[in-house]
Amino acid sequence: FDLIVSNPPYIALNEWAGLDRDVARFDPRIALTDEGDGLDAYRVITKGAPGRLAAGGVLCVEIGWTQGADVTALFQQAGFLEVGVIKDMAGRDRCVMGRRPA
């Protein structure tokens with residue numbers, strides 16, 4: 001693939017109690033949390049994506065606003081280049097993007 005985009009479950013279990021009720025009410029719990037630290041899906045994705053991306057392909061994932069540094073580190077550990085955090089309209093970290101080496 002030239003591009004993989006994902007919006008995995010990223011809400012940490014310790015953040016669940018403070019989650020906006022509208023979010024929790026409309027989305028299934030499994031779509032929101034990994035019942036752990038909120039990073040499990042990123043570990044799986046960053047490990048598997050390089051073998052599925054074409055040379056120079058891009059991986060982009062949505063993140064929780066406090067996860068930029070952790071997810072960036074996972075991308076870098078997996079060998080992605082040009083890793084960066086994209087902010088949303090409120091100025092909060094919202095996505096991490098990186099490129100597979102050519």
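Me: If buried means under 20% relative accessible area, exposed over 50%, and partly exposed in between, with a 1.4 Å probe and protein chains only, why is Asp22 called partly exposed?
Reply: Asp22 has a relative accessible area of 42%, and because partly exposed covers what lies between under 20% and over 50%, Asp22 is given that term. This is a predicted model, in which local features need pLDDT of at least 70 and side-chain atom pairs count only at pLDDT 80 or more, while totals for chains, interfaces and linings use all residues. Residues are numbered from 1 along each chain as its sequence is written, and side-chain values use heavy atoms, with hydrogens and water left out.

Me: What makes the pairing of Asp22 and Arg25 a polar contact?
Reply: The side chains of Asp22 and Arg25 are joined at 2.9 Å, and a polar contact is a pair of N or O atoms within 3.5 Å, where within protein one must be able to donate a hydrogen and the other to accept it, and residues adjacent in sequence count only if both atoms are side-chain atoms.

Me: Why does Thr33 count as buried?
Reply: Its relative accessibility is 4%, and buried means under 20%, so Thr33 meets the term.

Me: Which backbone atoms does the side chain of Thr33 reach?
Reply: The side chain of Thr33 reaches the backbone oxygen of Ile11 at 2.6 Å and the backbone nitrogen of Glu35 at 3.0 Å.

Me: Which residues does Thr33 touch, not counting residues up to four places away in sequence?
Reply: With contact meaning heavy atoms within 4.5 Å, Thr33 touches Pro9, Ile11, Ala12, Leu13 and Trp16.
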